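Open the model in your viewer and keep the selection panel at hand. This tour goes stop by stop.

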Amino acid sequence: MKEKILANLNIAFEAVVANRTRSFLTALGIIFGVAAVIAMLAIGNGAQQEILNQIKLVGVNNIVIEPVIEQTEEDLQQSSGKKEKKKFSPGLTLADAESIAEIIPGIEAVSPEIILDTYVIRNGIRRSAKLVGVNPSYFNLSAFELNQGDMFIEEHLKIGSRVCIIGKSVKSRFFPNTNPVGKMIKVGPHWLEVIGVLKERLYSQKSLDNLGLRDFNMDIYTPVQTVLVNYRNRAALTQAQLKKANARNNDDENNQKANPNYHQIDKLTVQVEKSESLNPTAELISRMLKRRHYDKVDFEVTIPELLLKQQQKTKNIFNIVLGAIAGISLLVGGIGIMNIMLASVMERIKEIGLRLSLGAKKSDVILQFLLEAVMISISGGIIGVILGIVFAYLVASFADIPTIVSGISIVISFGVAATVGLIFGIAPARKAANQDPITSLRYE
């Protein structure tokens, strides 16, 4: 049996080589089909990895609450011929964060943030940066890890200590050849002691753009109380200051009124214990904050993970469509193989009749033509795999789209190519085997 297969394989190989141009053109459908499958799956894997990286950036099971600063609403409104003051909202405050943690069940952690644009000075080097007031839970929620030093402790939070944890890029720029832990760095008008350095956070520019995130490696983190005591506490603004700010805004060249930012904190991240509680917890938070803000909805509650999962679902549908298109090209390639093999049978009727008259069995003829079809499809599959990997690399290099070529995609596409050759080679092989030897020998 082994000798029989090898003999037919040798005959099939000689036939393919003898008609190499036609065989190559026949294999083109398989080549481009396999290449398309590998490239599309690589793009899909890259997109999925990008989504997972984005989910890591925003954290798992997180609800994000951000303040809304109304730009056109007037402080006074006319009602029944009299001016009445609108209900005042204290804005998003630390008290809101404490209330959420104490009242709403199923809360894992609450992390307020105060973000200030400032500058950093050390050894004559000055650079703009962001000072971020946080509590220790912020680093766990955002999956930050320390590279050197220590995290904040309760004592730092209580008294508003002038300490900070710096990002990797801050360390590289201001402490390139020294350990920054224990050193002082001037952030805005105050000197802060560096107690820790975060590990570098790697992410693509696309992730930053999609999520509206900043470069965390250039941030400087300090306890939230330190920001409120030493830098700025917007909740401590007096009514006179607000009126002065409003009067100044009323005099701008466009005569448009813009309310100042009265929110004490710039962002509030809430982590829930269970994923299925995200939506109901977000609804509870929204209702509670509305009551605390006297029915003024000056905040926005979002669930980044659900948005990202929806984005992933959309991309998966897109990848299925692309995969289906690539699969159709493989189907077309298989039909091309069948057509060419049928034409080859008609051209080689005399050869088939001669083999049958010399004692070859129908199974030998079937095996010969099946091996020819499979050989064409397998060779096309090999070329297609190489071409697909090259396509994926070119897409990643020039289109700035992440691609990941997996071994599974190569095995699947190559296996499909071989199967296509086998399936679409059956009809021509059976047609060849069913030829009458005497009629075939007389065929001109």
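Helices and strands here are DSSP runs, with at least four residues for a helix and at least two for a strand, numbered from the N terminus. Counted this way, the protein chain has 15 helices and twelve strands. Bear in mind that this is a predicted model.

**Whole chain**

Start with everything shown. The protein chain has 444 residues, and 42% of them count as buried. Now think about contacts between residues with a separation of 6 or more. In the protein chain, 80% of these join residues 24 or more positions apart.

**Helices α3 and α10**

Select residues 94-103 for α3 and residues 278-292 for α10. The two helices pack with their axes 11 Å apart, at an angle of about 135°. Angles from 115 to 145 degrees fall in the oblique class, and α3 and α10 are therefore oblique to each other. Their crossing is right-handed.

Show side chains next. On α3, the contact uses A95, D96, S99, I100 and I103. On α10, the partners are I285, M288, L289 and R292. Sorted by class, this contact of α3 with α10 has six nonpolar residues, one polar and two charged.

**The largest nonpolar core**

Keep I100 selected and add I65, I185, L268 and V270. These five touch the most other members of the largest nonpolar core, which has 40 residues.

Center on L268. What does L268 touch, not counting residues up to four places away in sequence? The list is I63, V64, I65, L92, A97, I100, V110, S111 and P112.

Another core, of 21 residues, lies apart from the largest one. To find it, select V16, A27, V37 and F424, which are among its members.

**Helix α8**

Select residues 224-231, which form α8. Which residues of α8 are buried? They are V224, T226, V227, L228 and N230. Now show what covers them. The cover includes helix α3, along with strands β4 (107-122), β5 (125-134), β9 (190-198) and β10 (219-223).

**N147**

Finish on strand β6, residues 146-149, where N147 sits. Is N147 buried or exposed? Buried would need under 20% relative accessible area, and exposed over 50%. N147 has 38%, so it is partly exposed.

Leave aside neighbours within four places in sequence. N147 is then in contact with K168, V197, L198 and K199. Last, draw a distance from N147 to E200. These residues are 53 apart along the chain, yet their C-alpha atoms are separated by 8.3 Å.

Methods. Residues numbered from 1 in each chain as written. Predicted model: local features only at pLDDT ≥ 70, side-chain atom pairs only at ≥ 80, totals over all residues. Heavy atoms only, no water. Axes fitted to C-alpha atoms, helices over the stretch in contact; angles between N-to-C directions. Parallel < 35°, antiparallel > 145°, perpendicular 65-115°, else oblique. Left-handed = near helix turned anticlockwise from the far one by under 90°. Contact = heavy atoms within 4.5 Å. Nonpolar A, V, L, I, M, F, W, Y, C, P; charged D, E, K, R; others polar. Core = buried A, V, L, I, M, F, W, Y, C linked by side-chain atoms within 4.5 Å. Buried < 20%, exposed > 50% of the residue type's maximum accessible area, 1.4 Å probe, protein only.
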